[in-house]
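Biologist: Before we discuss this chain, could you show me what we are looking at, and then explain what lies behind each term you use?

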Amino acid sequence: MNVGRIVPRAGAGAQEGYAPELLYATFNQDYGCFAIGTQTGFRIFNSDPYKEKMRREFKDGGIGIVAMLYRSNYLAFVGGGRNPRFPPNQVMLWDDASSKIVAELEFRSDVLNVQLQRDRIVIAQRNKCIICSLETKPRHLHAFETADNDRGVMAISNSSESGILAFPGRQKGHIQIVDLHSCVNLSTGPQDSAAAHATAISALAVSFDGAMVASASEKGTLIRIFDTMSGRLLHELRRGVDRADIYSIAFSPDGTKLCVSSDKGTVHIFNLEFNQNVGQHMQSGAAPLPGGNGAAAVGGNGGGSNKQSMFKFMKDLLPKYFSSEWSFTHFRIANEVRCICGFGTERNSVIVLCADGTAQKYSFDSYRGNCVREWYRRFI
């Protein structure tokens, strides 16, 4: 999944409502757990049902980035906060069974993001994405150059059996897609990358099976979903009309839904399965699927489908706005603080981690689009 800092950057303005001890938050690969880095250590929680599983407090500094390896005892750390426990250019592999560092990697510049997968450690820096082996003596396997990536944007397929890595290309708005195990670039464009947006990439997600990659740009109005092997555009989803800062994108484990959080204080949920089925059905020349009204007016429920303009049939004559798909449902976060989202273990549920130190669970009706907050917990 896409991992992002859920605290405002320095100089980003007022931070009212933010938990001062919270430095970082991230889900594990299946959203079943989440971890936080704090000014004095780290904590691990079960997502749903919510429960604190463990915490470690350090006397000598904070953890600015933490990455989980499924539900194993291995985690990766980068120091952070007022008094970082580790330098910002080092990644430490922690074995919680022995409560000690078992491996470390050092780089010439600061580490902005770290993700783990089965036998790989992936590190994002401002202009580079580095793949290393995950072992007690990690080996440097490959480094890819990127466009300016000050957020450390990258994403990995979450299934342990697939290995797809996505990160910004060398050209602004492009995406590089790499086989994580062979380190072979799967992108077929002239720049070894796929053109996704006109502005810089701000968020990425890869589906669990590695078949799809979702991207958003700094503009934040559109989320585009591509086939990882062919680079073909599968969906163009509209979050809204106004510019927005996309905090996170997440696929459901079965790849049928997508959730997106932004600085508008909302989480949007898109239905991918319905529209794929409609598209395949219509291409076969058959009659429209029951409930699948391709000309449903914006604001209609469309029987679980994403909302579309009633003028979509004129998409070749009208601006692209009229051919986009809107989310079939969305909900607003309490306090409207920075947040990341992931799908819950229960069907049609979303877990949200917020920079005010709260975790929240929402359930939604996949047909009517109604959303209900199930619980609200403070984790720090």
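Modeller: What follows is a conversation about the strands, sheets and aromatic rings of this chain.

Modeller: This is a predicted model, in which local features need pLDDT of at least 70 and side-chain atom pairs count only at pLDDT 80 or more, while totals for chains, interfaces and linings use all residues. Residues are numbered from 1 along each chain as its sequence is written, and side-chain values use heavy atoms, with hydrogens and water left out.

Biologist: How many helices and strands are there in the chain?

Modeller: The chain has 1 helix and 30 strands, where helices (H or I, at least four residues) and strands (E, at least two) are DSSP runs numbered from the N terminus. Of its 380 residues, 57% count as buried, a word that stands for under 20% relative accessible area, with exposed meaning over 50% and partly exposed in between (1.4 Å probe, protein chains only).

Biologist: Why is the pair of Phe58 and Trp94 called stacked, tilted or edge-to-face?

Modeller: Rings of Phe, Tyr and Trp (its six-membered ring) pair if their centres lie within 6.5 Å, and planes under 30 degrees apart count as stacked, over 60 as edge-to-face and the rest as tilted. By this rule the count comes to 17 aromatic pairs. The ring centres of Phe58 and Trp94 are 5.6 Å apart and their planes stand at 65°, so this pair is edge-to-face. Phe58 lies in the loop between β4 (51–57) and β5 (62–68), whereas Trp94 belongs to strand β7 (residues 90–95), so that the pair links distant parts of the chain, 36 residues apart. Both Phe58 and Trp94 are buried.

Biologist: What makes the pair of Phe77 and Trp94 stacked, tilted or edge-to-face?

Modeller: With centres 5.8 Å apart and planes at 45°, the rings of Phe77 and Trp94 form a pair that is tilted, because this angle falls in neither of the other two classes. Here too the pair links distant parts of the chain, Phe77 in strand β6 (residues 74–80) and Trp94 in strand β7, 17 residues apart.

Biologist: How do you know that the charged end of Arg85 sits over the ring of Phe58?

Modeller: The rule asks for NZ of Lys or CZ of Arg within 6 Å of the ring centre and within 35 degrees of the ring normal. The charged end of Arg85 is 4.0 Å from the centre of the Phe58 ring and is counted as sitting over it.

Biologist: How do you know that strand β3 and β4 pair?

Modeller: Two strands pair if DSSP finds at least two bridges between them, and strand β3 (residues 41–46) and β4 have 6 bridges in the antiparallel sense. Asn46 stands opposite Lys51 in β4, and a hairpin through 4 residues joins β3 to β4.

Biologist: Why is one side of β21 and of β26 left without a neighbour in the sheet?

Modeller: The order of this open sheet of 4 strands is β21-β22-β23-β26, with antiparallel pairing. β21 (246–251) and β26 (329–332) stand at the edges, each with a single partner strand, so one side of each has no neighbour in the sheet. Strand β23 (residues 266–271) is joined to β26 by 4 bridges and runs antiparallel to it, with Thr329 in β26 as the bridge partner of Ile269.
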